[in-house]
Structure formats: structure tokens, C-alpha cells
Amino acid sequence: MNKNTTVYYDSPIGMIAITGSEEAVLSILFDEEKGQSIPPDGNTPGPVRDCYYQLDEYFKGNLKDFSFPYTMEGTPFQKSVWNGLTIIPYGQTWSYKDLAVHVGNEKAVRAVGTTNSKNQLSIVVPCHRVIGSNGKLTGYAGGVWRKEWLLNHEQKISHPLKKESICP
């Protein structure tokens with residue numbers, strides 16, 4: 001039986017609880033209750049430690065793709081939606097309908113939205129990159145303000161201002 005370990009990363013948008021085992025990260029969730037960061041130590045499983053440090057690099061603007069093992073627990077439909085999220089390019093967005101079409105059921109827009117809300121791997125499985133068809137930010141389990149922050153962060157890193165546009 002694998003023992004799960006949780007560490008806490010103090011991100012610019014709040015505390016994040018990272019839980020996993022020696023095999024994989026199981027969840028990356030915002031934790032409103034946790035008051036202090038608990039970084040990895042010598043007993044922290046590799047995937048959890050790697051997630052912690054990769055999230056740190058992501059928030060610093062130095063990392064766009066994550067490379068630690070993680071596990072998604074859900075139905076085949078849920079897994080297809082979550083896998084679809086992972087192909088949305090960094091700094092870009094899809095609508096819920098785009099994602100529904102991608103998973104082969106364009107009428108499943110509401111089911112896609114519900115599945116997004118059950119994503120246990122925030123940021124790494126980027127459900128924040130899914131917006132309404134009208135371009136508006138809709139729903140995010142971590143709060144719409146976090147979704148907006150994450151999208152702005154990725155846009156800033158993906159499309160930095162050119163020096164010429166800052167200086168005449």
C-alpha cells in the first residue's frame with residue numbers, strides 16, 4: 001500500500017496542496033485553510049517534489065510544460081475531457097464547445113463544464129484555459145479571479161511586450 005504525502009506551495013494566487021505517492025501526483029488543489037507553506041523534504045516522494053518545484057518555475061514564468069507523473073481518476077468521458085485539456089497550448093484558450101467537439105460530442109458542452117469542475121490537477125491539467133463561447137471567463141473551481149490571473153500570467157509569458165513597443 002502506497003502512503004500519500006501532501007506538501008503545500010505558497011503560490012501568488014494562494015496556497016496549493018500537492019498530494020501524491022512514489023508513483024504519481026494525485027491532486028493539485030487550492031487550499032484556503034492552509035496558512036503556511038510546507039515544502040518537500042527528504043521523505044517527499046519524487047513526483048510530489050518535482051511537482052512542487054515545477055509549479056514554482058511555472059509561477060516564475062520559466063516553465064510552460066510539466067514533466068512529472070500524475071494520475072487522473074474518473075470515468076472514460078472525464079478522462080477524455082481532462083486529456084483534451086492537456087493539448088490546449090500554453091497561453092491560449094478554447095471554448096467549452098471546442099473541447100466538447102475535441103472529445104467527439106459537440107452537444108456535451110455542459111458535461112464538459114461539469115467535468116472541468118472536477119479536475120483534481122489544477123494548473124497542470126489546465127482547465128483554466130477553457131472559457132465561454134462568448135469569450136467570457138466562466139466558472140473555475142479555484143475562483144474566477146484565479147482563472148483570470150493564470151490566463152494573464154500565461155499571456156504575459158507567451159506574448160511578452162517587445163522592447164520597441166515600450167520605448168519610442
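These legends accompany several close-up views of a predicted model.

**Figure 1. How confident the predictor is along the chain.**
Before zooming in, here is a quick word on confidence. The average pLDDT of the protein is 89, and 93% of the residues reach at least 70. Residues 161–168 are the stretch to treat with care: their pLDDT stays under 50, and the model gives them 1 contact beyond four places in sequence.

**Figure 2. The largest pocket and the residues that line it.**
This view takes you to the largest pocket, whose volume is about 170 Å³. Its lining includes Lys64, Asp65, Phe66 and Tyr70, together with Thr86, Ile88, Pro89 and Tyr90. Ile123, Val124, Pro126 and Arg129 also belong to the lining. What kinds of residue make up the lining of the largest pocket? They divide into 8 nonpolar, 1 polar and 3 charged.

**Figure 3. Isoleucine 123, a residue with a positive phi.**
Here we look at one of the pocket-lining residues, isoleucine 123. You will find isoleucine 123 in the loop that runs between helix H4 (109–117) and strand E5 (130–131). Its backbone deserves a second glance: phi is positive, about 70 degrees, although this residue is not a glycine. Most residues other than glycine have a negative phi. Is isoleucine 123 buried or exposed? Isoleucine 123 counts as buried because its relative accessibility is 2%, and the cut-off for buried is under 20%.

**Figure 4. Leucine 85 and its contacts in helix H2.**
Leucine 85 is part of helix H2, which spans residues 76–85. With a relative accessible area of 0%, leucine 85 is buried. Which residues does leucine 85 contact, leaving aside its neighbours within four places in sequence? They are Leu99, Asn116, Val125, Pro126, Cys127 and Val130. One of these, Pro126, is also in the lining of the largest pocket, so you can use Pro126 to link this view with Figure 2. For a sense of scale, the C-alpha atoms of leucine 85 and tyrosine 52 are 21 Å apart, with their positions 33 residues apart along the chain.

**Figure 5. Glycine 61 meets histidine 153.**
This view pairs a loop residue with a helix residue. Glycine 61 sits in the loop between helix H1 (46–60) and helix H2 (76–85), while histidine 153 is found in helix H5 (residues 144–158). Why does glycine 61 count as buried? Its relative accessibility is 19%, and buried means under 20%. Histidine 153 is buried too, at 5% relative accessible area. Setting aside neighbours within four places in sequence, glycine 61 contacts His153 and Ile157. Under that condition, histidine 153 is in contact with Tyr58, Phe59, Gly61 and Tyr90. Tyr90 also appears in the lining of the largest pocket. Glycine 61 and isoleucine 88, 27 residues apart along the chain, have C-alpha atoms separated by 18 Å.

**Figure 6. Arginine 146, a buried residue in helix H5.**
Staying with helix H5, we come to arginine 146. Is this charged residue buried or exposed? Arginine 146 is buried, with a relative accessible area of 4%. Not counting residues up to four places away in sequence, arginine 146 touches Ile13, Gly14, Phe30, Glu32 and Tyr140.

**Figure 7. Threonine 6 and its polar contact with threonine 19.**
Threonine 6 lies in strand E1, which covers residues 5–11. At 32% relative accessibility, threonine 6 is partly exposed. Beyond its neighbours within four places in sequence, threonine 6 has contacts with Ala17, Ile18 and Thr19. With threonine 19 there is also a side-chain to side-chain polar contact of 2.7 Å. Glutamate 33 is 27 residues from threonine 6 in sequence, and their C-alpha atoms are 14 Å apart.

**Figure 8. Glutamate 106 in the loop between helices H3 and H4.**
The last view shows glutamate 106, in the loop between helix H3 (96–102) and H4. Glutamate 106 counts as partly exposed, at 47% relative accessibility. Residues up to four places away aside, glutamate 106 touches Lys97, Ala100 and Val101. Tyrosine 96 is 10 residues from glutamate 106 along the chain, with a C-alpha separation of 9.2 Å.

Notes
Residues numbered from 1 in each chain as written. Predicted model: local features only at pLDDT ≥ 70, side-chain atom pairs only at ≥ 80, totals over all residues. Heavy atoms only, no water. 1 Å grid on protein atoms, 1.4 Å probe; cavity = no way out; pocket = protein on both sides within 12 Å on 5 of 7 lines; lining within 4 Å. Points joined across faces, edges and corners; volume = space filled by probe spheres on them. Nonpolar A, V, L, I, M, F, W, Y, C, P; charged D, E, K, R; others polar. pLDDT = per-residue confidence, 0-100. Contact = heavy atoms within 4.5 Å. Helix = DSSP H or I, 4+ residues; strand = E, 2+ residues; numbered from the N terminus. Buried < 20%, exposed > 50% of the residue type's maximum accessible area, 1.4 Å probe, protein only. Polar contact = N/O pair within 3.5 Å; in protein donor to acceptor, adjacent residues only side chain to side chain.
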